[in-house]
Amino acid sequence: MYTILVVDNEKLAREDIIYKVGASGTPFDWIMEASDAYEAMEIIKTNHPDILVTDVLLGGDKSHGIKDGIELIEEAKKINPRMASVVVCAYPDFYYAQRAMRLGVMHYLLKPVKFNEIKTILGELVLHIDAKKREFLVSTDNYALRKRLEDYKLKDKINSYVNGSLEDQEINSESLFNLFPDDSKWFQFWSIRAEDINSIFSDTSESIDRMVYAIKNVIVEVGAGYVISADLVDKSNILVALAASNEQDEIMAGKSLAATAATTLSLIEKSLGIKVDIGLSKLRKRLLSSNLIEAQKAMDVRFCRIQGENKSVHCFEDLEIDGDDKFKDADMLLFKKFVDASDTKSALPIARKIIMEYSKAPYLNIRETYAEMINMVSKVSYKKGVSILSFLGYENISGNIINRFETAEEVADSICSIVEMTLGSWVRYMENTTDVLEKVKKYIDENFADSEICTKKLAQHFCISLGYLSATYRKMYNITISKYIISKRMEYAAKLLKDTNVAIGDISESCGFNNLSYFMRVFKSYYMVTPTQFREGI
């Protein structure tokens, strides 16, 4: 994941850039914003963003000594030399452009910033950031490590091709398809969704990495050279694979790859014990990164299980005829009318009705529909003087948040929560970050014994970007959410051990732990003694 800071003293221009950054699909953990150089420098000192996008003419107080966006970049690079930067200006100015070039600014954009332009640039910047990190870590004097760096560069190319941030002709020049066997005739994208890995492993990144590694090993084993896996999409629970078939006939090739996908799915579920859905794009002689959308849409059909059907491999080719979702057009107009009028009571049932239609037939556009609805409510929020974009994060803006949901009901619940937040009473305290964090802290204090509580669940409950919540909570309370939850559980466990004779196993469960041995390890790490020793006063 990456972080980005957008600096512009014009609120409307800043909001426009933030929205386009969020909708670009680039995996940002946190999209930050500042209205002047002083505010920007405070954020840079504290959070070290990967990318800085700043207007040239910042306005505001100059007492801090920074006159414009160029000087802001200069000062920022003293703190974070590897930070990538982009300058935005209302008109071309050679003087500013020349100064920006000297500082290594990677792009100079004119307002209003175009969506396709910012999307392409962000893809390039992510490649640049990853390359710099690898160069920093890898010694240039060690051949084995240099070779690993070259492998990483090719891997970065593949991943950038997959997420659409690299032009097809550029990746083709790198002979991507030479990675497949010489007899490959047809190519296809796979979008592979495992049930929410983050929930299964309670935010333990090491365990998640091991699970992802195991899934990719299954893909490689079953694919036998004809399936190449890329990295996780948005560091979530979606993997992408490029698949090839050596069958001459297109129909036979389609059947062969569908069978390979089904075998892959079955082996993942049996060996790893997790539920998987796979979406397959159309077959093509030459694969374009834009075709990944087909695999993604096919995967989203998982929300529809018709007549008890439990099919988990979905082929886009088979779904096109049934994919017309014009049923929603009239309801979307009605939804927009109620949202514009801030009529929460009327908007909620319409929102739920629209989303739940996707559970009745294999319609293809639930992701776009979700993003369109978010766009409607965010515009109303902005008219009220409240920005919800940074709270929601790019996942909601792009519709990618639905990757995390198991059912259409969960998707409907999410959009309804956001409608309530925007049109209802929550809008009053969303204006103040402190109020939001106090609400989160109070919720933890009252629900820490819930075994399901975690940072991701809190972000969903309060309709806040996961990265935004994590970073701002830690900054305000000087502790991560996970550690705070543990501290509350340990304090409660200590109280029960001192004041009652309740069995340790029951105490573990009442504190929110599903595993007694894990509770014992955490307790000893926290108090430096076992629960029994603590109770006995040893």
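Me: Two strands pair if DSSP finds at least two bridges between them, and strands themselves are DSSP runs (E, at least two residues), just as helices are (H or I, at least four), both numbered from the N terminus. What makes S3 and S4 a pair?

Reply: This is a predicted model, in which local features need pLDDT of at least 70 and side-chain atom pairs count only at pLDDT 80 or more, while totals for chains, interfaces and linings use all residues. Residues are numbered from 1 along each chain as its sequence is written, and side-chain values use heavy atoms, with hydrogens and water left out. Strand S3 (residues 51–55) and S4 are joined by five bridges in the parallel sense, so they satisfy the rule for pairing. Within this pair, Leu-52 stands opposite Ser-85 in S4.

Me: How do you know that S4 also pairs with S5?

Reply: Four bridges join S4 to strand S5 (residues 107–110), and the two run parallel, so this pair meets the rule as well. Here Cys-89 stands opposite Leu-110 in S5.

Me: Why is S4 called mostly covered?

Reply: A residue is buried when its relative accessible area is under 20%, exposed when it is over 50%, and partly exposed in between (1.4 Å probe, protein chains only). In S4 (residues 84–89), six of the six residues are buried. Ala-84, Val-86 and Val-88 point one way from the strand, whereas Ser-85, Val-87 and Cys-89 point the other way, and all are buried. In a regular strand the side chains alternate between the two faces of the sheet.

Me: What makes the contact between Glu-294 and Arg-284 a salt bridge?

Reply: The term asks for a side-chain nitrogen of Lys or Arg within 4 Å of a carboxyl oxygen of Asp or Glu, and this pair, at 2.9 Å from N to O, fits it. Glu-294 lies in helix H11 (residues 292–300) and Arg-284 in the loop between strand S9 (276–280) and H11, so the bridge ties together parts that are ten residues apart in sequence. Because its relative accessible area is 11%, Glu-294 is buried, while Arg-284, at 23%, counts as partly exposed.

Me: How do you know that Lys-353 and Asp-331 form a salt bridge?

Reply: Their side chains meet at 3.4 Å, N to O, so the distance falls inside the limit of the definition. The bridge from Lys-353 to Asp-331 links distant parts of the chain, with Lys-353 in helix H14 (residues 344–356) and Asp-331 in helix H13 (residues 329–340), 22 residues apart. Lys-353 is partly exposed at 43%, and Asp-331 is buried at 12%.

Me: Why is Lys-360 called exposed, and what is its partner Glu-357 called?

Reply: Lys-360 has 56% relative accessibility and therefore counts as exposed, whereas Glu-357, at 17%, counts as buried. The two side chains meet in a salt bridge of 3.1 Å, N to O. By the same rule the count comes to 23 salt bridges.

Me: What makes the backbone at Ala-224 and at Ser-342 worth pointing out?

Reply: Most residues other than glycine have a negative phi, and most peptide bonds are trans. Ala-224 has a positive phi of about 50 degrees although it is not a glycine, and Ser-342 has one of about 55 degrees. Ala-224 sits in the loop between helix H9 (205–223) and strand S7 (227–233), and Ser-342 in the loop between H13 and H14.
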